[in-house]
Amino acid sequence: MRHIISVLLENEAGALSRVAGLFSARGFNIESLTVAATNDLTLSRMTIVSVGNDNIIEQIVKQLYKLIDVVKVTDLTATEHIERELLLVKIDVNQNTQADIDKKIDEFSAKIVDVSEDTYIIELAGQSKKINDFLDSLGAFKILEVSRTGVTGVCQRRES
Amino acid sequence: MKLNGAQILVKSLKNESVEHIFGYPGGAVLHIYDALDAQNDIMHILVRHEQGAAHAADGYARASGKVGVVLVTSGPGITNAVTGIATAYMDSIPMVVISGQVPSPLIGNDAFQEVDAVGITRSCVKHNFLIKDIDQIASTVKKAFHIASTGRPGPVLIDIPKDITIAQTQEPTYSGVVDMRSYQPIVDGEPEQITRAAELILSSKQPIIYAGGGCVIGNADQELREFTRQLNFPITQTLMGLGAYPANDELFLGMLGMHGTYEANMSMHDSDCVIAVGARFDDRITANIDKFCPTAKIIHIDIDPSSIGKNVAVDVAIVGEVKSVLQDLITALKDKKTADISTWWSQIKQWRSVDSLAYQTKEGVIKPQTVIETLYEVTNGKAIVTSDVGQHQMWAAQYYHFDEPRRWINSGGLGTMGFGLPAAMGAKLAKPEMDVACVTGEGSIQMMTQELSTMLQYNTPVKIINLNNGYLGMVRQWQEFFYEKRYAMSYMEALPDFVKLAESYGHIGIKVEKSADLKDAMIEAFKQKDRTVFLDIITDPNENVFPMIPSGAGHNEMLLAGRDEMASINDEGLNLV
Ligand SMILES: Cc1ncc(C[n+]2csc(CCOP(=O)(O)OP(=O)(O)O)c2C)c(N)n1
Ligand SMILES: [Mg+2]
């Protein structure tokens with residue numbers, strides 16, 4: 001099963017490589033990983049999406065806790081949570097395709113953030129599924145570049 | 001007062017009560033050596049190879065319970081130490097390694113003797129630091145010792161660039177406490193889990209205690225003894241646990257696992273309640289995991305939450321220091337009546353009567369088992385015994401009956417050949433009043449003979465018991481059993497004259513070729529209180545370690561000496577090591 005694991009850790013040089021190293025050394029899989037400082041600049045929040053059975057996810061959580069820099073680990077998928085991912089996609093646009101592409105953008109409430117003579121850069125935030133669906137719906141057009149942030153998320157309870 | 005970084009580092013080490021450092025100098029640490037030279041509280045032991053430094057600090061830590069300290073230079077200094085660091089990591093040994101680094105402005109430039117020490121060691125340390133500022137030195141040393149010695153112990157590396165050792169600043173205060181929001185090791189077990197464990201223990205009819213290295217490292221030997229005797233339960237120990245519970249006690253079934261006794265492994269297999277104390281269900285212990293303890297409920301006590309449920313699903317998990325948890329269990333079980341386990345004990349006695357460690361002696365050949373038995377006799381079972389890795393290691397574990405913890409020092413987790421000799425030197429420095437023996441093989445000893453020179457310089461008299469079977473015996477045994485006796489590269493045609501080797505390093509060498517001479521030679525060696533003696537003992541080249549659970553088999557599928565001389569193995573087993 002797919003899990004979203006939220007890790008609060010010391011904002012120290014090398015913390016990211018400790019986590020990445022742990023996943024590769026123990027053969028855990030990473031679908032995506034995002035990291036940035038929090039409002040407290042001494043702390044970073046890392047969000048990892050991984051796929052594994054319950055035993056594997058339990059080991060991932062425990063092994064993350066074992067890292068000295070890690071303050072807190074939460075499996076967001078175990079509770080009510082909000083997850084979002086940001087997509088930026090660069091797409092070829094011409095007279096023949098523009099109307100159809102505009103329609104798709106409307107349909108998904110995506111946003112054009114940059115326009116050139118023959119390209120759009122489109123932004124879309126949402127759950128990963130929505131982003132996949134949007135990209136699928138653009139399948140008929142010429143996608144030039146895709147950049148996704150990977151998932152980030154928060155727990156809906158007041159105290160996580 | 002203004003001090004330079006190197007002086008602050010040395011003062012920080014003194015503040016941690018460091019008395020011995022094992023190390024080797026080089027460009028990046030010259031300032032640190034200069035600061036060490038200017039003081040007398042810390043003794044520096046100059047090894048002959050950085051791997052030796054790490055193993056010696058490791059042996060020192062295991063024998064004394066203190067943190068072992070290593071100092072090496074950048075580049076090849078730290079890469080040479082990596083095997084020793086990984087060895088300590090696998091066995092959860094408290095160690096602080098200080099490595100020099102190229103000056104900060106050169107980091108990342110492929111400078112002379114630059115390696116990414118923090119990157120290289122990341123997967124074999126509990127934690128590591130790269131010091132970026134002179135103001136971090138004192139607090140980093142404090143944290144490093146705290147992390148290395150608390151929770152599940154392990155090695156911690158501090159990488160310090162040369163410019164930072166040279167920079168000067170006002171002397172800092174060396175604080176006495178560390179508080180890290182991200183590192184809060186658990187001490188006590190949850191009361192609810194203790195109660196559940198106690199209930200399970202009281203209702204069990206075929207219980208067994210399976211105690212591991214955590215009981216030694218966690219200084220829980222007294223609690224383990226009280227707990228076991230309170231219940232009158234059978235107890236087995238892992239290779240790493242030996243000595244925590246006295247081997248000569250009636251309740252002790254011997255070691256379990258691949259080369260464990262018949263009674264220990266059979267009891268594990270048939271048990272209805274396994275109480276794992278400071279052990280981690282390693283593959284050398286469980287054998288085929290699908291056949292492991294098929295009918296048992298499992299209670300697992302461990303300091304490391306990630307050890308629990310990693311290899312084996314457990315019924316009651318107690319996270320905490322084994323010492324504290326055992327104390328709580330002892331209290332919870334006080335004056336409670338256990339189930340009648342007399343039938344279980346008679347079954348165990350039957351298994352015991354198989355006498356699975358019996359071996360056949362042969363006229364004219366020295367049996368390796370006899371050597372260990374003689375060592376036991378001559379030292380009254382009171383020596384610290386370190387070992388290398390191979391058949392000799394298993395025989396030492398099986399035939400030297402350790403009655404006290406921190407007497408048996410070996411590389412169980414990583415299985416590092418070369419560990420034994422430097423570890424013995426470290427142990428002797430930690431416990432100068434004790435006899436220290438290093439049980440080794442002609443293969444293993446050759447990985448670290450250079451430390452004989454260090455041992456002369458610092459006068460650390462150790463008795464080297466070389467079980468010279470002329471083979472990489474453990475490899476040969478597997479080839480005999482599982483590769484149809486194709487002995488690929490397990491024979492060394494060109495062995496040195498070990499007597500002359502010892503003599504050239506200023507020690508005493510004695511060669512023993514006849515059974516009749518064995519005991520006298522051993523007595524003579526231990527009489528030489530102030531000398532290192534190398535006993536080169538020519539042993540039966542064809543002897544194998546029994547009992548043995550071949551890879552892929554279960555605890556109840558052991559091979560016994562003289563009964564199942566030829567082992568077989570299935571394809572699944574061949575894939576395992
Ligand atoms: C550094 C290292 N290399 C290789 C091995 C694999 N290995 C395990 S036991 C062994 C043979 C050891 O030979 P010896 O020291 O003579 O001991 P014996 O088994 O003969 O008692 C080898 C090569 C190891 N454990 N460590
Ligand atoms: Mg040998």
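How many salt bridges does a search of the whole structure find over all chains? The search finds 31. The model is a predicted one. The report below covers the salt bridges, then the overall form of chain B, two local features of that chain, and the surroundings of ligand 1.

## Salt bridges

Side chains of opposite charge can pair when their charged atoms come close. Three pairs are listed here with their closest N to O distances.

| Pair | N to O distance |
|---|---|
| A:Arg2 and A:Glu83 | 3.0 Å |
| B:Lys66 and B:Glu19 | 2.8 Å |
| B:Lys519 and B:Glu377 | 2.5 Å |

In chain A, the side chains of A:Arg2 and A:Glu83 form a salt bridge. This pair ties together distant parts of the chain, with A:Arg2 in strand β1 (residues 2-10) and A:Glu83 in strand β5 (residues 81-92), 81 residues apart. A:Arg2 has a relative accessibility of 29% and counts as partly exposed. A:Glu83 has a relative accessible area of 9%, and is therefore buried under the cut-off of 20%.

In chain B, B:Lys66 is paired with B:Glu19. Both partners of this pair sit in loops of chain B: B:Lys66 in the one between α3 (50-64) and β4 (68-72), B:Glu19 in the one between α1 (5-15) and β2 (20-23). The two residues are 47 residues apart, and the pair links distant parts of the chain. B:Lys66 is partly exposed, at a relative accessible area of 33%, and B:Glu19 is partly exposed at 42%.

B:Lys519 forms a salt bridge with B:Glu377. Here the connection runs between two helices of chain B, α21 (residues 515-527), which holds B:Lys519, and α15 (residues 368-378), which holds B:Glu377. The separation is 142 residues, and this pair too links distant parts of the chain. The relative accessibility of B:Lys519 is 37%, which means partly exposed; B:Glu377, at 43%, also counts as partly exposed. Elsewhere in chain B, B:Lys362, B:Lys367, B:Asp540 and B:Glu543 are joined into one network by salt bridges that share partners.

## Chain B as a whole

Chain B contains 22 helices and 20 strands. Its C-alpha atoms fill a box of roughly 75 × 60 × 45 Å along the principal axes. The radius of gyration of chain B is 24 Å; a compact globule with 577 residues would have a value near 25 Å, so the two agree. Of the 577 residues in chain B, 60% are buried.

## Two local features of chain B

The first feature concerns a buried polar side chain. B:Gln237 belongs to strand β10 (residues 235-237) of chain B. The relative accessible area of B:Gln237 is 0%, so this residue counts as buried. A polar atom of the B:Gln237 side chain lies 2.7 Å from the backbone nitrogen of B:Tyr245.

The second feature is helix α1(B). At the N-terminal end of α1(B), B:Asn4 acts as a cap, with a side-chain oxygen 3.1 Å from the backbone nitrogen of B:Ala6. The buried residues of the helix are B:Gly5, B:Ala6, B:Ile8, B:Leu9, B:Val10, B:Ser12 and B:Leu13. After α1(B) comes B:Ser17, which has a positive phi near 60 degrees.

## Surroundings of ligand 1

There are 17 residues around ligand 1, and those that come nearest are B:Gln391, B:Gly415, B:Ser444, B:Tyr471 and B:Gly473. By class, the shell consists of seven nonpolar residues, nine polar ones and one charged residue.

Oxygen atoms of ligand 1 have polar contacts with the protein backbone. One such distance is 2.7 Å, to a backbone N or O atom of B:Gly473. A polar backbone atom of B:Met474 lies 2.9 Å from a ligand oxygen, and the corresponding distance for B:Gly443 is 3.0 Å. On its own, ligand 1 has 590 Å² of accessible area, of which the protein covers 76%.

Which elements give two or more residues to the shell around ligand 1? They are α16 (391-399) and α19 (473-482), both of chain B. The largest share, three residues, comes from α19(B).

Notes:
Residues numbered from 1 in each chain as written. Chains lettered and ligands numbered in written order. Predicted model: local features only at pLDDT ≥ 70, side-chain atom pairs only at ≥ 80, totals over all residues. Heavy atoms only, no water. Near = heavy atom within 4 Å. Polar contact = N/O pair within 3.5 Å; in protein donor to acceptor, adjacent residues only side chain to side chain. Areas by Shrake-Rupley, 256 points an atom, 1.4 Å probe, with all protein chains shown as cover. Helix = DSSP H or I, 4+ residues; strand = E, 2+ residues; numbered from the N terminus. Nonpolar A, V, L, I, M, F, W, Y, C, P; charged D, E, K, R; others polar. Salt bridge = Lys/Arg side-chain N within 4 Å of Asp/Glu carboxyl O. Buried < 20%, exposed > 50% of the residue type's maximum accessible area, 1.4 Å probe, protein only. Rg over C-alpha atoms; globule rule 2.2 N^0.38 Å.
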